[in-house]
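Open the model in your viewer and keep the sequence panel visible. The tour below goes stop by stop, saying what to select and what is there.

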Amino acid sequence: MAKLTKKKLLEHLGKSDKEDVIREIMVLFDKFKNVKEFYAAELSNDENPLLEKYKKKITYAYSAENPKEKRTNMNVNKLIGEFKKVSIYERDIADLMLHRVECGVEAFNGNNNRSATFYNCIANSFEEAIAIISTNDYLSEFRQRILKIVKNSKIAKFEVEARLRNIAKEI
């Protein structure tokens, strides 16, 4: 089977009449959860409900008593991966990743007996969020949150604060 490209897809859609395209979208909508989630976010008049849903899930993952760090990190990584599949806005991805960092720093401040893996996951998410923010010129929108994260991380284990501060220096 030949590789499908955007050009081939556009040719296919260009040959189809409006009703056929609508039917195809409805089939995708019925069959794939992420298509439903995409259109729910796209057609919402409010803040992105999908972003809020994923933020709540991440908050819950980090607020559990005696969380298993490996499971928490895997679950949160999975949530972010799922969100990336349905989000078309880099801004929302950066927002969700900063939310993860905020929750992780708060969890760390509540119990600083965490593994290096735990704070490396948080720092990696922060680094990725900063890269998205820098690339898309969202710094003015996120600057206060970034500075607050770095300030709050001072309470946390030294390695977290130092790494977050170094990442934030780049902006």
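## Stop 1: Two cysteines

Select C103, which counts as buried because its relative accessibility is 12%, under the 20% limit for that word. Then select C121, also buried, with a relative accessible area of 15%. This is a predicted model. How many disulfides does a search of the whole structure find? The search finds zero.

## Stop 2: The whole chain

Zoom out and colour by secondary structure. The protein chain has nine helices and zero strands. Read along the sequence, the pattern is α-α-α-α-α-α-α-α-α. Now colour by accessibility: of the 171 residues in the protein chain, buried residues make up 36%. For contacts between residues at least 6 apart in sequence, 61% join residues at least 24 apart.

## Stop 3: A salt bridge in helix α2

Across the whole structure, a search finds eight salt bridges. For one of them, select R23 and D20, where the closest N and O atoms are 2.3 Å apart. Where do these two residues sit relative to each other? Both belong to helix α2 (residues 18-31), and because R23 and D20 are three residues apart there, about one helical turn separates them. Check the surface at D20: this residue is partly exposed, at 29% relative accessibility.

## Stop 4: D95 and its two partners

Go to helix α6 (residues 90-110) and select D95 and R91, which both lie in that helix, four residues apart, about one turn. D95 and R91 form a salt bridge, with their closest N and O atoms 3.5 Å apart. Are the two partners buried or exposed? D95 is buried, at 4% relative accessibility, whereas R91 is partly exposed, with a relative accessible area of 26%.

Keep D95 selected and add R145. These two also form a salt bridge, and here the closest N and O atoms are 2.6 Å apart. This pair links distant parts of the chain: R145 is in helix α8 (residues 139-153) and D95 is in helix α6, 50 residues apart. R145 counts as partly exposed, at 22% relative accessibility.

Now widen the selection to K55, R91, D92, D95, E102, E141 and R145. Salt bridges link these residues in a network. Show their side chains as sticks and follow the links from D95 to R91 and from D95 to R145.

## Stop 5: S87, before helix α6

Step back along the sequence to S87, in the loop between α5 (69-86) and α6. Is S87 buried or exposed? At 13% relative accessibility, S87 is buried, since the limit for that word is under 20%. Show the side chain of S87: one of its polar atoms lies 3.2 Å from the backbone oxygen of Y89. Leaving aside residues up to four places away in sequence, S87 touches D92 and I93. D92 also belongs to the salt-bridge network of the previous stop.

## Stop 6: The largest pocket

Turn on a surface and look for the largest pocket, which has a volume of about 320 Å³. Which residues are closest to its centre? Of the 14 residues that line this pocket, I25, L28, V35, F38 and Y39 are the closest to the centre. Select the helices next: α1 (6-15), α2, α3 (33-43) and α5 are the elements that give two or more residues to the lining. Helix α2 is also where the pair R23 and D20 was found.

## Stop 7: Two loop residues

Select A64, found in the loop between α4 (49-63) and α5. A64 is partly exposed, at 32% relative accessibility. Add A107 and draw a distance line between the two C-alpha atoms. How far apart are A64 and A107 in sequence and in space? The residues are 43 apart in sequence, and the C-alpha to C-alpha distance is 9.3 Å.

Finish at D137, in the loop between α7 (116-135) and α8. D137 is not a glycine, yet its phi is positive, at about 60 degrees. D137 counts as exposed because its relative accessibility is 64%, over the 50% limit for that word.

Definitions and conventions:
Residues are numbered from 1 along each chain as its sequence is written. This is a predicted model: local features need pLDDT of at least 70, side-chain atom pairs count only at pLDDT 80 or more; totals for chains, interfaces and linings use all residues. Side-chain values use heavy atoms; hydrogens and water are left out. A disulfide is a pair of cysteine sulfur atoms within 2.5 Å. Buried means under 20% relative accessible area, exposed over 50%, partly exposed in between (1.4 Å probe, protein chains only). A salt bridge is a side-chain nitrogen of Lys or Arg within 4 Å of a carboxyl oxygen of Asp or Glu. A polar contact is a pair of N or O atoms within 3.5 Å; within protein, one must be able to donate a hydrogen and the other to accept it, and residues adjacent in sequence count only if both atoms are side-chain atoms. Contact means heavy atoms within 4.5 Å. On a 1 Å grid over the protein atoms alone, a cavity is a set of points where a 1.4 Å probe fits but cannot get out, and a pocket is an open set with protein on both sides within 12 Å along at least five of seven lines; lining residues have an atom within 4 Å of a point. Grid points are joined across faces, edges and corners, and a volume is the space filled by probe spheres set on the points.
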